[in-house]
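Grab a pencil and work through these exercises with the viewer open. Try each task before you read its solution.

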Protein chains: 2
Amino acid sequence: MDRLPGFRDFYPEPLPQPDLWSADARQYIFDKWRGMARRYGFREYDGPPLEALELFTAKSGEEIVGQLYNFTDKGGREVSLRPEMTPTLARMVVAYERGYKKPFKWFALPQLFRYERQQKGRLREHFQFNADIIGEKDSAADAELIALLIDTLRSLGLTEKDFVIRLSSRNAWQDFFRGHNGDAAQEYAFYQIVDKLERETPEQSDEKLKRAGLSLREVSTFIEQGKPTAELETILQNLAARGLSDYVKIDYHVIRGLAYYTGVVFEAFDRKGEFRAIAGGGRYDNLVKLISGGKVDLPALGFGMGDVVLLELLKARAVLPVFDAGLDAFCLIEDEALRSESLRLIHDLRGTGLVVDYPLTAAKSDKQFKRAQELKAKHTIKLERNPDGEMLAKVKSLKTRQESAVPIAEAAARLHESKG
Amino acid sequence: MDRLPGFRDFYPEPLPQPDLWSADARQYIFDKWRGMARRYGFREYDGPPLEALELFTAKSGEEIVGQLYNFTDKGGREVSLRPEMTPTLARMVVAYERGYKKPFKWFALPQLFRYERQQKGRLREHFQFNADIIGEKDSAADAELIALLIDTLRSLGLTEKDFVIRLSSRNAWQDFFRGHNGDAAQEYAFYQIVDKLERETPEQSDEKLKRAGLSLREVSTFIEQGKPTAELETILQNLAARGLSDYVKIDYHVIRGLAYYTGVVFEAFDRKGEFRAIAGGGRYDNLVKLISGGKVDLPALGFGMGDVVLLELLKARAVLPVFDAGLDAFCLIEDEALRSESLRLIHDLRGTGLVVDYPLTAAKSDKQFKRAQELKAKHTIKLERNPDGEMLAKVKSLKTRQESAVPIAEAAARLHESKG
């Protein structure tokens, strides 16, 4: 029996085949995401992976249904696995925002699902780091959010040589469009042409733009000039104060495909341009109002960073650590008469926070030692009586091969020492 | 728009209403689960939340479909949200077991789903700590697994006064059944009668048992005697060697409902008997063979511990910590002329691992201080020039209200000090 196409199994390291997905790499990324979000004062939330279908069609229209993992449940409800987190966040905010002092900063690490026509290697699920700030109109919030994005990627070992945030603004594009007498009804259609500029031929783009009363030359000139708006200038200064200028540049190519963005938008890209966007986000000041049917009106902004492109980039830049079992000690039981005492020792060592393993059943000494090496234990430990009959713990470093005997009561402290 | 019935939203603490689910409590439990599993040398894995329906019907029969969150996907596949993790684990083990040295110890923290007819407060999803040992027949593995279960509950602040592991054995019941001339074809039906003993009236049980050629008196006597088999005796001794005797007792009431258990079975219960089982598990030596169509034959055992009953118990025994934002410092910006320098300081402090927040926009001093208190910051920190024009950081403990000025370069070290 196979797993469903487009879904992933995550196996422990060391992986028996290099093309398998690593549960350790996934957890490493989760820890970095969660760790940096917390340092920034973001608080974790989560919602259900399954929601009412209308939560997703409300803001994106019916055409999105083709990409959804939706179905009718046994109670006759139209439901869908979540394709993104923002609608769930908006729903949760609407329900209890009065209980939280504004602005508040929340994050989540949801698994998201899309039913895309199956192409080779194309996934139908991924995990995404979502960080959002609710209840703050000022662009200081945009800067704080972008700083979190930058520092998260830095905490994974990437530098300004590896990635850059392309900063843009729907407001800048709106001013451009209206300044060129664009038809307000065509505004979102115009954004979508801009969104596709880098994926379509100049001829295709120019033709579409002409129909909207504009030309590719005007649009290209605006992008090339890349003159920051006053709002973007403020954000750049805020990031400069933090020492993060090298990680960000104005790039009006970025406009984001989703309909609900209202102001500053941005995407993180690898500098070499080898991969799809690492992350993307922006302001969506009207979404909470839309989801609440007009009852709650709160400005908001956020970004999402998926695990798949990120992992590809971390591998390509060789900044992923080597994952092993992290065993502090493997307890050798060479004398079965000492098994009970060994179990007690193992239990006490684990009780102090050490990662300890041992042979479950009787085995030859060399086989036990081989197992300790396979598990990449830092030490072996074994009980032995000295000539006076006193029980001692022999601790051996598998790196230096140095061995010393300590009273049992001191074994944990000895192992903790060489841990640091 | 509401969330679907039976699903949970998880909100950050402090909760605006006590009946909401806490994302912080959830993460606290996850950390304890993951932490103890790792200390025991268990390695994390995960599979997809959605699987082919037949993966679940293969071992449990078609009758389980009524409880599944199953549907037909857009590709015409019969699929289901996972109701339990063991079939996925077995599938994953079958695919790559040759790449892992036996025995191996794996764990996962999946979200699981059941479509149960909606009753008030009845959930359709929960999270479960799953720990399994693959490839070891010896009962030393059963003892190791039960020790992990006990130590996980202990790490959450529960003691031998709060819970006990009820240890039993399908083998013991099999010997009993065959010793009483039970009809082999009726064996699983007999286990199900035993499984329901504590939930049905004596008359109901007796009638069912009589039809199977037995009596309630015989069964009750066997349970009351509670004589451990040789295998259970070995496990009790192993746990005693670890100092865990007070956490376990023989109780043949436990037999587990699922069809696939083959040997030792056990359940964790609160001592007062107020809650449903906290955890349950046992040996399933034939399941890997079944899932692989006979190609792979590996003994296996595991347990599952859900988050819902566990959280109820932790609350009832008052052993949950108080959750706050864990802010090491809230940076006051009372002079807007110092905002840039403050942003730099905040960024540097966060860079050392400290959790730091600050007012995104200009605000009055007392409002800023109130915010620091709301967020339960351990310290406030603010920049100030001394009379010589040198910039200093004033660090104030919100607990002791003691304040001191340090050079900026020493601010992080000062905050880390009072962290420990």
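## Exercise 1: Around the axis

Phe71(B) has its C-alpha 3.5 Å from the rotation axis, the closest approach of any residue of chain B. Keep in mind that you're looking at a predicted model.

Task: work out which kind of axis relates chain B to chain A.

Solution:
- Step 1. Look at the turn and the shift: a turn of 180° and a shift of 0.0 Å along the axis lay chain B on chain A.
- Step 2. Check the fit, which has an RMSD of 0.0 Å.
- Step 3. Put a name to it: this is the relation of a two-fold axis.

## Exercise 2: Where the chains touch

Task: describe the side of chain B that touches chain A.

Solution:
- Step 1. Start with the contacts: 72 residues of chain B meet 71 residues of chain A.
- Step 2. Find the top contributor. Helix H12 (residues 339-351) of chain B gives the most to this side, with five residues.
- Step 3. Sort the residues of this side of chain B by type, and you get 34 nonpolar, 25 charged and 13 polar.
- Step 4. Compare the two copies. Of the interface residues of chain B, 99% are also interface residues in chain A, so the copies meet through the same surface.

## Exercise 3: The build of chain A

Task: decide whether chain A is a compact globule or more spread out than one.

Solution:
- Step 1. Take stock of the parts: chain A has 14 helices and 19 strands.
- Step 2. Hold the radius of gyration against the rule. Chain A comes out at 27 Å, well over the 22 Å that the globule rule gives for 420 residues, so chain A is more spread out than a compact globule.
- Step 3. Picture the box: along the principal axes, the C-alpha atoms of chain A fill roughly 95 × 55 × 45 Å.
- Step 4. Add the burial, with 43% of the 420 residues of chain A counting as buried.
- Step 5. Look at the contacts in chain A between residues at least 6 apart in sequence: 66% of them join residues at least 24 apart.

## Exercise 4: One phenylalanine

Task: say whether Phe107(B) is buried or exposed, and list its contacts.

Solution:
- Step 1. Locate Phe107(B) in strand S7 (residues 104-108) of chain B.
- Step 2. Count the C-beta atoms. Buried takes 20 or more others within 10 Å; Phe107(B) has 26, so Phe107(B) is buried.
- Step 3. Skip neighbours within four places in sequence, and the contacts of Phe107(B) are Ala37(B), Phe42(B), Glu44(B), Phe129(B), Asn130(B) and Ala131(B).
- Step 4. Finish with a distance: the C-alpha atoms of Phe107(B) and Thr86(B) lie 11 Å apart, with their positions 21 residues apart along the chain.

Notes
Residues numbered from 1 in each chain as written. Chains lettered and ligands numbered in written order. Predicted model: local features only at pLDDT ≥ 70, side-chain atom pairs only at ≥ 80, totals over all residues. Contact = placed C-beta atoms within 7 Å. Helix = DSSP H or I, 4+ residues; strand = E, 2+ residues; numbered from the N terminus. Nonpolar A, V, L, I, M, F, W, Y, C, P; charged D, E, K, R; others polar. Rg over C-alpha atoms; globule rule 2.2 N^0.38 Å. Buried ≥ 20, exposed ≤ 12 C-beta atoms within 10 Å, placed from the backbone. Least-squares fit on C-alpha atoms with pLDDT ≥ 70 in both.
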